[in-house]
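Here is a structure you may not have met before. Take a moment to turn it around on your screen, then come back for a short tour.

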Amino acid sequence: TAAGETCDDGGDTAACDSDCSAVSCGDGHHNTAAGEACDDGGESASCDPDCTLPLCGDGYTNASAGEQCDDGGTAPGDGCDGSCQNESPVTCSDSLDTIYTAGNSQNGNMFDVLAGCNLRICSFDVNANTLSYNFEVYYRMGSYVGHEDSSTGWILAGSKTGVTGLGSGTPTPLNLDLSINVNAGQTVAFYVTATNASLYYTNGTAVGAVVSSNADLTVYEGVGKGYPFGGTFTPRVWNGTIHYHCN
């Protein structure tokens, strides 16, 4: 058929007339061999069942969850057609500070955060002296309480070496690229630690007391920790900033 002509079968059956070739399936499609044709013949989202495309979901715009991408991909940058475009990378423009009053120090802190919305945690700032630090950030769903002394169940979310501290009382950005998703009403625990030097924190009043809160998240008093999963000092207030996005 000439470019722009339509297929005369007009339906969802697998067969197009031999003079009416449809778009060929290739890499990124499944349930068909490379080169096999879709019977819709165009750039629309729907192919028939012998040429099925993956579904779009969260992370895409201009398409409801469940619509199909014509390139067969799901990751940002894969290039879906206009009915299923990739979303721009999430910008974590929201943040919540605890305190930066220092007063004590150790390698790091464990503390709990309660999500008030569907959160994406992106990065942290810390309270650090003017030294070069190597950082690790761990998390686990639920509270850290009862899990202070073992790495079991903790997930290493990110690390950064050679971060120069900006001095006590000034936030030192870790500039991590995390994507920790926490549902509204869910508690997540963090262990933010330096592997090679001490970070500033503040003596607390009681584990679980609220340190800082807004409509999106609440940060609670936790404990100071030696590295890695070493001595515990309680209660302690993590000095820092959480960078996040409400989905």
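Is Cys117 buried or exposed? Cys117 has a relative accessibility of 14%, and since buried means under 20%, Cys117 counts as buried. We'll come back to that cysteine shortly, once the overall picture is in place.

First, a word on what you're looking at: this is a predicted model. The mean pLDDT of the protein chain is 76, with 64% of its residues at 70 or more. One stretch needs some care, though. Over residues 1-89, pLDDT stays under 50, and the model has 144 contacts beyond four places in sequence for that stretch. Where pLDDT is low, the predicted coordinates should not be read in detail.

**The chain as a whole**

If you go hunting for helices, you'll come back with 0, while the strands number 17. The protein chain has 247 residues, and 42% of them count as buried. Its accessible surface comes to about 11400 Å², and carbon and sulfur atoms account for 48% of that. Contacts reach along the sequence, too: among those between residues at least 6 apart, 68% join residues at least 24 apart.

**Links along the chain**

Now for some specific pairs. The count of disulfides comes to 2, and a search of the whole structure turns up 1 salt bridge. Here they are side by side:

| Pair | Link | Atoms compared | Distance |
|---|---|---|---|
| Cys92 and Cys122 | disulfide | sulfur atoms | 1.6 Å |
| Cys117 and Cys246 | disulfide | sulfur atoms | 1.9 Å |
| Lys225 and Asp149 | salt bridge | closest N and O atoms | 3.2 Å |

Start with the disulfide of Cys92 and Cys122. Cys92 sits in the loop between β2 (85-86) and β3 (94-97), and Cys122 is in strand β6 (residues 119-127), so the disulfide ties together parts that are 30 residues apart in sequence. Both of these cysteines, Cys92 and Cys122, are buried.

Back to Cys117, then, which forms a disulfide with Cys246. This pair links distant parts of the chain, 129 residues apart: Cys117 is in the loop between β5 (108-115) and β6, and Cys246 is in strand β17 (residues 240-246). The link of Cys117 and Cys246 is left-handed, with -70° about the S-S bond. While Cys117 is buried, Cys246 is partly exposed, at a relative accessible area of 22%.

The salt bridge joins Lys225 to Asp149. Those two come from distant parts of the chain, 76 residues apart, with Lys225 in strand β15 (residues 222-225) and Asp149 in the loop between β7 (132-141) and β8 (155-164). How do they sit relative to the surface? Lys225 is buried, with a relative accessible area of 0%, whereas Asp149 is exposed at 57%.

**A stop at Thr218**

One last place to look is strand β14 (residues 217-220), where you'll find Thr218. Thr218 is buried, with a relative accessible area of 12%. Which side chain does the side chain of Thr218 make a polar contact with? The partner is Ser213, at 2.9 Å. Leaving aside neighbours within four places in sequence, Thr218 also touches other parts of the chain: its contacts include Asp112, Val113 and Leu114, along with Val210 and Ser212.

Note on methods. Residues numbered from 1 in each chain as written. Predicted model: local features only at pLDDT ≥ 70, side-chain atom pairs only at ≥ 80, totals over all residues. Heavy atoms only, no water. Salt bridge = Lys/Arg side-chain N within 4 Å of Asp/Glu carboxyl O. Helix = DSSP H or I, 4+ residues; strand = E, 2+ residues; numbered from the N terminus. Buried < 20%, exposed > 50% of the residue type's maximum accessible area, 1.4 Å probe, protein only. Polar contact = N/O pair within 3.5 Å; in protein donor to acceptor, adjacent residues only side chain to side chain. Contact = heavy atoms within 4.5 Å. pLDDT = per-residue confidence, 0-100. Disulfide = S-S within 2.5 Å. Areas by Shrake-Rupley, 256 points an atom, 1.4 Å probe, with all protein chains shown as cover.
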